[in-house]
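Thank you all for coming; I would like to take a few minutes to walk through a structure that some of you have not met before. Please have a look at the sequence and the model first, and then we will go through the aromatic rings and one patch on the surface.

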Amino acid sequence: MKNYTTEDESNKAADKDIFSKNEGENKGVFRININNKYVLWGITAFLVFAAAMLLYYIMFNGSNIRAVFMSFLDILMPILFGLIMAYLLTPVLNFIEYRILIPLADRLGIKASDKRRSIIRILGIIVTALLFFLLIYSLAAMLLSQIVPNIINIVSNFDTYINNITKWLTKLLDDNPELSSNVTYMIDRYSGELEEWINTSVIARTSGIIKSVSLSAISGIMVLWDFIIGFVISIYVLASKEKFAGQAKKIVYSIFPKSVANNIISDFRFTHKTFIGFISGKVVDSIIIGMICFIGTTLMQTPYAALVSTVIGVTNIIPFFGPFIGAVPSAILVFVVDPSHPLNCVYFVLFILLLQQFDGNILGPRILGNSTGLAGFWIIFSITLFGGCFGITGMIVGVPIFAVFYSAVKSLVNAALARKNMPLDTSEYIDVGYVDDEGFHEYIPEYRLKKEPKAKNKPDNKEHDS
């Protein structure tokens with residue numbers, strides 16, 4: 001054995017000995033000394049090289065990675081459907097258990113036990129599944145009885161609507177000769193380009209469109225099958241949701257320190273509360289708005305009241321922009337049906353505006369409350385950002401996702417200010433010019449300063465030499 005008198009000498013020897021001889025039971029076995037700086041340099045160089053190669057592969061083979069990811073996602077689609085359905089049905093199951101079944105069991109004098117808990121869970125899942133199937137059946141019945149006939153009627157009367165628009169345009173142009181000449185000039189200018197586009201693009205792509213429709217039908221059948229499998233998976237998830245939550249917490253506490261794990265679990269609770277509160281509340285709000293719209297349009301004798309109300313209700317799920325997205329095509333449809341009576345379209349638009357005001361100022365706040373905690377600007381920002389990145393889905397989930405991000409940034413900022421013993425209220429910083437050891441000093445812009453009136457030039461009393 002080598003003897004070293006100082007710690008520095010032992011460290012130098014450890015650096016020299018990349019391989020150390022292990023004494024004890026495995027005498028004579030050599031192992032790599034992980035603490036050796038040359039070994040650490042080698043591991044670091046290998047990781048850097050591997051990361052560079054991975055980045056290079058991702059940059060130049062992104063399509064292959066995306067194809068592998070999409071195929072993997074297709075395989076997991078039934079599980080994703082099941083997890084999403086279980087997540088959305090969890091509040092319904094909790095309400096049925098804690099508001100109906102458990103109080104009923106207490107009144108019947110059934111003592112708390114594992115058997116009672118299992119029976120309540122089974123009954124809760126059965127009732128939740130029945131309500132889910134009732135909702136699906138109601139939507140399908142409305143689709144088949146109201147919406148599909150309306151769409152078929154629109155397609156069958158399409159020529160009539162085109163003639164109505166043609167007559168309306170003809171009358172409008174006859175009454176406005178200057179507008180008629182401009183329209184004629186535009187038609188003569190672009191009619192050739194339009195005809196060429198139809199011949200080269202539309203007709204040439206007809207076979208591709210038919211193929212896409214056929215593939216879409218097959219994809220729809222596959223999605224329906226994934227949906228059915230996902231529903232079965234959601235039943236298993238709902239049956240053991242507490243166990244899954246306990247396992248997730250167990251993993252978190254095993255990886256992170258207690259304080260960090262507590263913060264992670266608290267953040268997940270906040271995320272869940274924000275998401276489930278916003279999504280479920282927005283769905284309920286949109287259903288109510290759709291029903292009110294159907295009653296109002298029926299009383300107004302608006303054409304295709306069921307179809308229009310469905311469009312308004314579905315698009316209302318999208319915050320802020322949803323009412324406009326649904327109102328524009330609906331108003332166009334109402335106008336196209338009978339352009340000779342444009343006031344019908346005007347009345348419909350006014351009704352939709354009043355309905356959205358009622359939703360935004362009365363119904364929405366009562367159902368949603370302040371579930372996101374975002375100001376109006378951040379709501380518009382999040383919808384625009386996520387909608388541009390992920391389409392309609394991004395517009396729906398963008399607000400709760402950004403609310404979670406906003407809350408995380410706010411929490412970090414408040415924690416940093418608390419460490420500096422500075423106030424957390426934003427109003428304290430509005431008029432701050434600078435901060436020093438004495439505290440906050442106010443900044444007053446020039447336009448807020450009170451300017452003293454200039455003194456008038458008074459005659460000098462001193463005699464001047466002539």
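Before we look at any rings, let me say that two rings of Phe, Tyr or Trp, the six-membered ring in the case of Trp, are taken as a pair if their centres lie within 6.5 Å. Please also keep in mind that this is a predicted model.

By that rule the count comes to 12 aromatic pairs. One of them joins Phe 132 and Phe 133, whose ring centres are 6.2 Å apart with 65° between the planes, an edge-to-face arrangement. Of these two residues, Phe 132 counts as buried, at 13% relative accessibility, whereas Phe 133, at 46%, counts as partly exposed.

Another pair is formed by Trp 378 and Phe 381, and because their planes stand at 85°, with centres 5.7 Å apart, this pair is edge-to-face as well. Both residues belong to helix α13, which covers residues 376-419, and they sit 3 residues apart, about one turn of the helix. Trp 378 is partly exposed at 30% relative accessibility, and Phe 381 is likewise partly exposed, at 35%.

Which residues do ring pairs link with these two into a cluster? They are Phe 377, Phe 402, Phe 405 and Tyr 406, which join Trp 378 and Phe 381 there.

Finally, turning to the surface, there is a nonpolar patch of about 600 Å², made by Met 300, Leu 343, Val 346, Tyr 347, Val 349, Leu 350 and Leu 353. Among them, Leu 350 lies in helix α12, residues 342-368, and with 47% relative accessibility Leu 350 counts as partly exposed.

Notes: Residues are numbered from 1 along each chain as its sequence is written. This is a predicted model: local features need pLDDT of at least 70, side-chain atom pairs count only at pLDDT 80 or more; totals for chains, interfaces and linings use all residues. Side-chain values use heavy atoms; hydrogens and water are left out. Patches are made of residues with over 30% relative accessible area and no salt bridge: like charges are joined within 9 Å, nonpolar side chains (Val, Leu, Ile, Met, Phe, Trp, Tyr) within 5 Å. Accessible areas come from the Shrake-Rupley method with a 1.4 Å probe; for residues, only the protein chains shown count as cover. A salt bridge is a side-chain nitrogen of Lys or Arg within 4 Å of a carboxyl oxygen of Asp or Glu. Helices (H or I, at least four residues) and strands (E, at least two) are DSSP runs, numbered from the N terminus. Buried means under 20% relative accessible area, exposed over 50%, partly exposed in between (1.4 Å probe, protein chains only). Rings of Phe, Tyr and Trp (its six-membered ring) pair if their centres lie within 6.5 Å; planes under 30 degrees apart count as stacked, over 60 as edge-to-face and the rest as tilted.
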